[in-house]
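Welcome! Let's walk through a protein together, one question at a time, and reason our way to each answer.

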Amino acid sequence: MTHFPIERTNVVQLFWLRCLAIVGQLATIGVAQLWLGVRLPLEPMLTIVALEVLFNVLTWIRARRGIERARRHTDLDLMSQLLVDLAALTALLFFSGGATNPFVSLFLPGLAIAAAVLPWRNASQLALLSLVAYGALNFQYVPLDLADPGNLLRLHLAGMWVNFVVSVLVIAWFVSRMSRALRARDAQLARAEQRLLRDERMAALGAQAASVAHELGTPLSTMAVVIGELRSESLTNAALKPFELDLQTLEQQIALCKSAIGHVQTRAAAPVRQAVAEWLPAFTTQWRLRHPQVQFQLRVPPQMTARIEDTVQVGQILTILLDNAAYFSPTSVTLDVSVTPDDARFTVCDEGPGMTAELRTRVGTSPVMSTHGGHGMGLYLAFASAQRLGGDIVLTPNTPQGTRAELRLPMATLFFGSRSQT
């Protein structure tokens, strides 16, 4: 959804208010002239209304161009709009009784709008001009020409009532819309601050991860060399033969550590785009090396023609979700891939003890302390990374027990059917 600056919203609202004002002015002139016996100078008054219409058309054209060009309207633009309305109202009142016209208090809605949308200095200038206009209309105006002067008081009271209703409706409508726009802007600012805070945390964690990855490179290389020598020694030393499988496992774990470091370095360079059909089997095979004791099941569609824009980051998210599932439920972890018309979904299910409803609402918004000694940092990073990719993670209870973590990512390609790999 596109959000436009609040100043542009104010100009559009003034445009619609002026449309209503023009309709009201024409209706008032027609009723007064045809039914109330008030003979008005129609030529100058209709000329003023025509100029208002022309100005409103120009306002609409400028507002549309401003939307197309993402242009902000300044306080001077808003004040010029209100000044035109003030001038038009003053001119119409001049030709229709001046300060004796019951509609003279229509100066007040314009001032209320100015106080709501303009800085104090501009609003005070407009207020001063309104006072000057009102004062001038006490001395200079065209008196009303009534067919029956005896109806003057009745007409004046009726006009005051209509004027009060119009003023209340205009002020209430504009101020309520302004309040809604301000609340929407405040909500956007709050979301922007949250995103900024999250991005700052992610940047700090990324810098720490890069530093740790650099520091771990040398110890891992040393460990790989030592294990390689032990494996070579086991070929001739019978005492080391029973440990050959253990040494092989250590080599695999060191390879996984080096791969993780490589992912950090790759992520710092550029995103890696890859077809799902190529990436997902290789990813899950590598993840199984981290948890060889876990009973894992992968269910994927048979036709996977889509491509993932950033396999490194998606892999990091899935690794966190799968690691959490494997920790709580080593006997059953599943990864399902499905597609809707709007997104692709990677669902990780386990049969562990599950999460409380209160914990599910807090996980991912900030690091939290779990009952198993964790701090929720992994899930916090997973949620933040999913949002950076334009997706989200939804945690729900699994049936009959456990947790269901669903990663949703925008995806245009549709998949059909499914198959299982165990």
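Q: How many salt bridges does the count come to?
A: Keep in mind that this is a predicted model. Side chains of opposite charge can pair when their charged atoms come close. A pair counts when a side-chain nitrogen of Lys or Arg is within 4 Å of a carboxyl oxygen of Asp or Glu. By this rule the count comes to seven.

Q: Which residue meets Asp77 in a salt bridge?
A: Start from Asp77 in helix H3, which covers residues 75-94. Its partner sits 15 residues apart from it, in helix H2 (residues 42-68), so the pair links distant parts of the chain. The N to O distance is 3.9 Å, and the partner is Arg62.

Q: Is Asp77 buried or exposed?
A: Buried means under 20% relative accessible area. Asp77 has 15% relative accessibility, so Asp77 counts as buried. For Arg62, the relative accessible area is 38%, which makes Arg62 partly exposed. For Asp77, then, the word is buried.

Q: How far apart are the closest N and O atoms of Asp336 and Arg299?
A: These two residues form a salt bridge. Asp336 lies in strand S6 (residues 333-339) and Arg299 in strand S4 (residues 296-300), 37 residues apart. Asp336 is buried at 17%, while Arg299 is partly exposed at 27%. Their closest N and O atoms are apart by 2.4 Å.

Q: Which residues join Asp343 and Arg345 in one network of salt bridges?
A: Arg345 forms a salt bridge with Asp343, with the closest N and O atoms 3.1 Å apart. Asp343 is buried, with a relative accessible area of 12%, and Arg345 is partly exposed at 21%. Salt bridges that share partners bring further residues into the network with this pair: Arg404, Glu406 and Arg408.

Q: What is the accessible area of the nonpolar patch that includes Val57?
A: Val57 is found in helix H2. With a relative accessible area of 43%, Val57 is partly exposed. On the surface, Val57 forms a nonpolar patch with Leu51, Val53, Leu54, Leu58 and Ile61. Together they have an accessible area of about 510 Å².

Q: Is the peptide bond from Thr399 to Pro400 cis or trans?
A: Look for Pro400 in the loop between strand S8 (392-397) and strand S9 (403-410). The bond from Thr399 to Pro400 has an omega near 5°. This peptide bond is cis.

Technical notes: Residues numbered from 1 in each chain as written. Predicted model: local features only at pLDDT ≥ 70, side-chain atom pairs only at ≥ 80, totals over all residues. Heavy atoms only, no water. Helix = DSSP H or I, 4+ residues; strand = E, 2+ residues; numbered from the N terminus. Buried < 20%, exposed > 50% of the residue type's maximum accessible area, 1.4 Å probe, protein only. Patch = residues over 30% accessible without salt bridge, like charges linked within 9 Å, V, L, I, M, F, W, Y side chains within 5 Å. Areas by Shrake-Rupley, 256 points an atom, 1.4 Å probe, with all protein chains shown as cover.
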